[in-house]
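Colleague: I should like to learn how the packing of helices is read from a model. May we begin with a pair of helices and then turn to other features?

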Amino acid sequence: MSRLILQTATRFMMPLLLLFSIFLLMRGHNLPGGGFIGGLIGASAFALYALAYDVPTAQRILRIDGHVLLAAGLIVALVVTCAPLAWDLPMLTHRYSWIELPLVGIGDLALGTPLLFDLGVYLVVLGASLTIIFSLVEE
Amino acid sequence: MDIGVALLSGFLATALAPFVFSVMRGAAGWGLAVVPAAIFAYFCTYLGSLPAEGVSVAFPWAADFGLRLSFRLDGLSLLFTLLISGMGAIVIVYAGGYLAGDERLGRLYALLLAFMASMLGVVLSDNLIAIFVFWELTSITSYLLIGFDHERPAARAAALQALIITGGGGLALLAGFVLLAQVGIAAGLSLTEAQEVSAWVSAGVSAGESPLYGAILVLVLLGAFTKSAQFPFHFWLPGAMEAPTPVSAYLHSATMVKAGVYLLARLTPLLGDTPAWQWSLMGAGTTTMLVGAMLAIQARDLKIILAHSTVSALGLLVLLLGLGSEIAAAAAMAFILAHALYKGALFLIAGAVDHGAGTRDVDKLSGLWRAMPITAIAAAAAALAMAAVPPFFGFIAKEIFYGVALEGPAATFIISSAVAASAIFVVVALMVGLGPFWGKYSQAASHAHEVSWNVWVGPVALASVGLMLGLVPWFVDEPLLSPATQAVLGRPEPTALHLALWHGWNLPLALSLATLAGGIALYCLRRPFAAALAPLSAKGPANIYDYSLAGFLKFADLLTHTVQSGYLRYYLMTVFAAFIGLIGFTAFIREQTFPSLSDIDIQVHEAGIYVLIPLACWATIRAPSRLAAIVALGVVGYSVALIFVFFGAPDLAMTQFLVETLTVVLFVFVFYRLPTQQRISSFPARVRDAAIAVTVGCIVTGLVLFTTETSRNRELTEYYVAHSVPEAHGRNIVNVILVDFRALDTLGEITVLVLAAVGVYSLIKLRPPEDFSK
């Protein structure tokens, strides 16, 4: 079955969707968005790719296995959770740098550990969705 | 370095072992043996210089429960730490030669080191709960080591058997410890002190008078007897011979099986000195000693013979602790050392014979000495020690044992059992240590070869130490065995035991000679003798285990088939019916009325959605094809997301949109694989399903209306609004709650997400090969 229109459209959509997912991740602290939603958008980008082409091709574009993303995300979140213990602070004490980036559509982005924690959530959601979708589809 | 570091280094080495193996390959055994060797050397520095009150170190643990992670090195711990670390170094080197070229060696090293560290934890912990934790760790590592060859069903079954029996005993032990701490508190100890053995000893408190004593005794003995393979739990130990030989030598002769004996010795000051203690230990010990000896003489496999004789030796140790006098404790300590030396060596030799000659059947082995001269000499030395021939250390231990048995209660019975068991030890020594190597040149000997030197160095070292300690017993007398004896009795002042080969012409010496003569005679008659014993040795307690396990599995199977239909529709129905029963019924009883719909004002654009949703639901139910149903269901989902938008929850709406999209995509993906849609349920079944669905819908609607009617406490919302920007630098409260205020919940949720994904992945992708279950 030829899927020329879908395939061509996907090629243009893919970078936009991925950028959008990162955009959502970064603006989450101030405006609607965040790691969970960003991760889902990212997953749907790859799912779209798998729909237009096939799972191995989508997997190749992703380069990293879904379950590696899962593990990486959980590790990032755990490190952010436990790191304060090293300074004798309670778990999950967040820290912020002095930098506040005034970004369009994102607001004043305070760089700090919450963003890192959200990145962990993002990776877990992306990895979990793709692991489930890809293994179900490949079967 | 202190004892905490010594303990920790074992666990650290465990984590590094697979990497060390992949880098050093063949030399990894030597590299990793440095860790136990260093621990051994460290504990050797305490020989002769151990303070009477021991060396303690404690770390904070759970202070609210009075728990301190406290470790203490006293004479008894010192004896065991030296055995565990010394034997550990030998076994790791040996494993490198025994499994040379095997890719699984990295795992074996890691498990052996993990076991070593856990076992050190058992003998160094002063806190009862810590003893329990390390105790269970040894059970788990033992499980993994027995099942090392996990593709063989026999190895898996033996591993499970050992785990169920020792793990079950461990749970009894925990209950016993909890009761013991209660008794300690009642006797005036603080919460922390009541859980630490040394505090009991220094306060001179004993549990003997407490009304809980009976229960504590039974529970603690269950733990100790299962671990140390006492009758009727003795059968797991021969089963554990499924493990690779280095493991059998280490866990199932020299160290782990003595954990039960260690525990009894450790708790003697707390629980001992009552008739109940004395008679249960003496009874179990004597029975085990005789049963083990009887089974040993009937076995043909070198390792099984040794396993049964180990059971017998463990019975002997329990008997000695039951006798309870100072000299009995000394005899127990001396025998622990002697037994670890010769039995460890004999196990390693059994592995070497298996390796060199290709069989472990005693009937097929003889005349190996020409092919395996070094192993033969080590075997002879270990066998002579086991047969208690002077000048080996085994002889000294046996002499003290006879001396004790002659003075204790029920002397005639005990001494005759002791002589009988010891005579069979002589037979076992001849069967395992001498029989295979000497005598006529056999078929097995013709193609046998000497083992590599990292395999023979261990047995040679152990056998030499056994000989040396016989010649210079004062070397371990005051520095090691005497403090150990005093620790068992809970007395601070060590006194020399005066170990010597020669005690003059006395009754123990005569009995020793009689034992030797009897043993040699029995060796010549062993076949008819074993045949005569055969009817007595039916499987017994092992059968009870087998039947209970089979019955339990059958029950689980029945229950599973009753509860688990395997159809998603029935699971959903159960969940919803339970929802109706629990929530619906409660709401009906409490409220009696349905919340009113009158004071809700609906905008025009909202009304469109409210009409659309039921229509899409109806379309889903009536859809002629799956694709139509999926699309209609998608409409429902998107409409719900729109409602979220109307009511100012953009985050929720976005998530709902995305989840809905991905669900539809997923459906479309698997859509082609599903069988064509058919009507599978009958009309009454559909009426039933409709009733459940409508009821659930009504209850949920009612609950939502009810929630909005109730006045909410806004304190929390106001707190979040007030603190979101100044403290969390974020204006989106939903997200700030997720990653900051309640980030621990999020961490829990993503962990669940990871588990779910791993579950789906392993269910779909990692299917076992077809014949796996057989």
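Modeller: Certainly. In chain B, helix α10(B) passes α14(B) in a right-handed crossing. Please bear in mind throughout that this is a predicted model.

Colleague: What is the general way to describe two packed helices?

Modeller: Two packed helices are described by the angle between their axes and the distance between the axes. Here, helix α10 (residues 245-254) of chain B and helix α14 (residues 326-357) of chain B have axes that come within 9 Å and cross at roughly 160°. Angles over 145 degrees count as roughly antiparallel, so α10(B) is roughly antiparallel to α14(B).

Colleague: Which residues make the contact of α10(B) with α14(B)?

Modeller: On α10(B), the contact is made by B:Thr245, B:Pro246, B:Ser248, B:Ala249, B:Ser253 and B:Ala254. On α14(B), the residues include B:Ala340, B:Gly344, B:Phe347 and B:Leu348. Sorted by class, the residues of the contact of α10(B) with α14(B) comprise seven nonpolar, five polar and two charged.

Colleague: At what angle do the axes of α16(B) and α17(B) cross?

Modeller: Helix α16 (residues 393-407) and helix α17 (residues 411-434) of chain B cross at roughly 155°, and their axes come within 7 Å. The two helices, α16(B) and α17(B), are therefore roughly antiparallel to each other. Among the residues in this contact are B:Phe401, B:Tyr402 and B:Leu406 of α16(B), together with B:Ile414, B:Ile415 and B:Ala418 of α17(B). The contact of α16(B) with α17(B) has eight nonpolar, one polar and two charged residues.

Colleague: How is the packing of α16(B) with α19(B) described?

Modeller: Helix α16(B) packs with helix α19 (residues 453-471) of chain B at an angle of about 55°, and their axes are 6 Å apart. That makes α16(B) oblique to α19(B). The contact is made by B:Phe393, B:Gly394, B:Phe395 and B:Ile396 of α16(B) and by B:Gly466, B:Leu469 and B:Gly470 of α19(B). By class, the contact of α16(B) with α19(B) has four nonpolar, three polar and no charged residues.

Colleague: Let us turn to chain B as a whole. How many helices and strands are there in chain B?

Modeller: Chain B has 31 helices and two strands. Its C-alpha atoms fill a box of roughly 115 × 65 × 50 Å, taken along the principal axes. Of the 774 residues of chain B, 45% count as buried. One may also ask how far apart in sequence the contacting residues lie: of the contacts in chain B with a separation of 6 or more, 78% are between residues 24 or more positions apart.

Colleague: Could you show me one example of residues distant in sequence? Which residues is B:Leu47 in contact with, leaving aside its neighbours within four places in sequence?

Modeller: B:Leu47 is in contact with B:Pro479 and B:Leu480 when those neighbours are left aside. B:Leu47 and B:Leu480 are 433 residues apart in sequence, yet 6.3 Å apart in space, C-alpha to C-alpha. B:Leu47 is found in the loop between α2 (28-44) and β1 (55-60) of chain B.

Colleague: How is the exposure of B:Leu47 classed?

Modeller: The idea is to count the C-beta atoms around a residue. A residue is buried if 20 or more other C-beta atoms lie within 10 Å, and exposed if 12 or fewer do. B:Leu47 has 15 other C-beta atoms within 10 Å, so B:Leu47 is partly exposed.

Colleague: How is the size of an interface often given?

Modeller: The size of an interface is often given as the accessible area lost when the parts come together. For the present case I shall use residue contacts: 36 residues of chain B are in contact with 42 residues of chain A. On the side of chain B that touches chain A, α27 (650-671), α30 (733-741) and α31 (743-764) of chain B each supply at least two residues. Helix α31(B) gives the most, with 13 residues. By class, this side of chain B has 24 nonpolar, eight polar and four charged residues.

Colleague: Which residues does B:Thr655 touch, not counting residues up to four places away in sequence?

Modeller: B:Thr655, in helix α27 of chain B, touches A:Phe36, A:Ile37 and A:Leu40. With 19 other C-beta atoms within 10 Å, B:Thr655 is partly exposed.

Methods. Residues numbered from 1 in each chain as written. Chains lettered and ligands numbered in written order. Predicted model: local features only at pLDDT ≥ 70, side-chain atom pairs only at ≥ 80, totals over all residues. Contact = placed C-beta atoms within 7 Å. Helix = DSSP H or I, 4+ residues; strand = E, 2+ residues; numbered from the N terminus. Nonpolar A, V, L, I, M, F, W, Y, C, P; charged D, E, K, R; others polar. Axes fitted to C-alpha atoms, helices over the stretch in contact; angles between N-to-C directions. Parallel < 35°, antiparallel > 145°, perpendicular 65-115°, else oblique. Left-handed = near helix turned anticlockwise from the far one by under 90°.
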